[in-house]
Amino acid sequence: FSETRSGTLDALLAQPLSLLVLPDSGALPDAETQKLTAWVQSGGVLVRFAGPRLAQGSDTLVPVALRQGGRTLGGAMSWGEAARLSPFAATSPFAGLSIPSDIEVQRQVLAQPAADLDGKTWARLQDGTPLVTGERRGKGWLVLFHVTANPEWSTLAISGLFVEMLQRLVGLSTGTTQ
């Protein structure tokens with residue numbers, strides 16, 4: 001459903017690109033933040049994934065404010081057992097997708113409570129905490145998976161649902177001319 005490329009940020013942004021994925025990049029340097037902000041404003045979809053680096057601090061290229069640290073199965077802010085996904089809301093880009101019963105989340109980066117958090121939450125766990133958040137910026141979108149892009153924190157990344165979610169995210173892009 002798409003073509004995959006890898007490379008430096010400058011090389012990727014120099015060609016037509018609809019969606020850019022950043023797995024656990026942590027806080028980005030100012031120069032990269034400025035380039036990505038302009039790209040998103042012009043119609044790109046930036047998809048970020050949480051991980052140990054992002055859990056330690058983020059930048060302005062996330063759709064919601066994040067708490068430092070995270071929540072872990074068996075940790076200080078923990079669950080007694082692995083968390084499961086709630087059905088997607090009708091307003092979510094993922095509405096209508098079936099959620100397999102075997103997807104488990106063992107760790108996540110938490111969003112700071114805010115008045116607009118509910119409207120930015122596209123997928124949530126059964127306890128109501130955000131799993132995927134998104135926000136329009138200009139003509140584009142910022143999207144954050146509050147788990148890693150691999151099975152380290154969740155089995156989502158190795159599920160068919162994950163592929164379907166990425167397909168929906170590609171569909172959000174209007175494309176960019178940069």
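These exercises work through a predicted model of one protein chain.

## Exercise 1: Overall layout

Task: Determine how many helices and strands the protein chain has, and in which pattern they follow along the sequence.

Solution.
- Step 1. Count the elements. The chain holds five helices and seven strands.
- Step 2. Read them along the sequence. The pattern is α-β-α-β-α-β-β-α-β-β-β-α.
- Step 3. Look at burial. Of the 178 residues, 47% are buried.
- Step 4. Look at the surface. About 8,500 Å² is exposed, and carbon and sulfur atoms supply 52% of that area.
- Step 5. Look at contact range. Take contacts between residues at least 6 apart in sequence: 65% of them join residues at least 24 apart.

## Exercise 2: Confidence

Task: Find which element has the lowest mean pLDDT and which has the highest.

Solution.
- Step 1. Start with the whole chain. Its mean pLDDT is 88, and 89% of residues reach 70 or more.
- Step 2. Rank the elements. Strand β3 (residues 71-72) has the lowest mean, 50, while β5 has the highest, 98.
- Step 3. Inspect the weak stretch. Over residues 72-76 pLDDT stays under 50. The model gives this stretch 12 contacts beyond four places in sequence.

## Exercise 3: Strand β7 and its partners

Task: State which strands pair with β7, and in which sense.

Solution.
- Step 1. Take β2 (residues 45-49). It pairs with β7 in the parallel sense, over five bridges. Here Val45 has Trp141 as its bridge partner.
- Step 2. Take β6. The pairing of β6 with β7 is antiparallel and runs over six bridges. Arg136 stands opposite Trp141 of β7.
- Step 3. Check the turn. The β6-β7 hairpin has two residues between its strands, and Gly138 takes a positive phi near 65 degrees.
- Step 4. Check cover. Six of the six residues of β7 (140-145) are buried.
- Step 5. Split β7 by side. Gly140, Leu142 and Leu144 point one way; Trp141, Val143 and Phe145 point the other way. Both sets are buried.

## Exercise 4: The nonpolar cores

Task: Identify which residues touch the most other members of the largest nonpolar core.

Solution.
- Step 1. Recall the background. Nonpolar side chains tend to be buried together in soluble globular proteins.
- Step 2. List the residues. The largest core has 38 residues, and those touching the most other members are Phe94, Leu131, Val132, Val143, Phe145, Met165 and Leu169.
- Step 3. Map the core to elements. β2, α3 (52-55), β5, β6, β7 and α5 (160-172) each supply at least two residues.
- Step 4. Find the top contributor. α5 gives the most to this core, five residues.
- Step 5. Zoom in on Met165. Beyond neighbours within four places in sequence, Met165 contacts Phe88, Phe94, Leu97, Val132, Phe145 and Leu156.
- Step 6. Look elsewhere. A second, separate core has 13 residues, among them Leu13, Leu22, Trp39 and Leu46.

## Exercise 5: Two buried loop residues with polar contacts

Task: Explain why Thr129 and His146 count as buried, and find the side chains they join.

Solution.
- Step 1. Place Thr129. This residue lies in the loop between β5 (121-124) and β6 (130-137).
- Step 2. Apply the cut-off. Thr129 is buried because its relative accessibility is 17%, and the limit is under 20%.
- Step 3. Find its partner. The side chains of Thr129 and Asp127 form a polar contact of 2.7 Å.
- Step 4. Place His146. This residue sits in the loop between β7 and α5.
- Step 5. Apply the cut-off again. His146 has 0% relative accessibility, so it counts as buried.
- Step 6. Find its partner. A polar contact of 2.9 Å links the side chains of His146 and Thr133.

## Exercise 6: Asp24 and Glu104

Task: Decide whether Asp24 is buried or exposed, and classify Glu104 by accessibility.

Solution.
- Step 1. Place Asp24. Its loop runs between β1 (19-23) and α2 (30-41).
- Step 2. Classify Asp24. The relative accessible area is 10%, so Asp24 is buried.
- Step 3. Check the backbone. Most residues other than glycine have a negative phi. Asp24 is not a glycine, yet its phi is positive, about 30 degrees.
- Step 4. Place Glu104. This residue lies in the loop between β3 and β4 (107-108).
- Step 5. Classify Glu104. Its relative accessibility is 26%, so Glu104 counts as partly exposed.
- Step 6. Trace its contacts. Leaving aside neighbours within four places in sequence, Glu104 contacts Ala82, Ala83, Arg84, Trp153, Ser154 and Thr155.
- Step 7. Check one pair. Glu104 and Ser154 are 50 residues apart along the chain, and 5.6 Å separates their C-alpha atoms.

Key:
Residues numbered from 1 in each chain as written. Predicted model: local features only at pLDDT ≥ 70, side-chain atom pairs only at ≥ 80, totals over all residues. Heavy atoms only, no water. Helix = DSSP H or I, 4+ residues; strand = E, 2+ residues; numbered from the N terminus. Buried < 20%, exposed > 50% of the residue type's maximum accessible area, 1.4 Å probe, protein only. Polar contact = N/O pair within 3.5 Å; in protein donor to acceptor, adjacent residues only side chain to side chain. Pairing = 2+ DSSP bridges. Contact = heavy atoms within 4.5 Å. Areas by Shrake-Rupley, 256 points an atom, 1.4 Å probe, with all protein chains shown as cover. pLDDT = per-residue confidence, 0-100. Core = buried A, V, L, I, M, F, W, Y, C linked by side-chain atoms within 4.5 Å.
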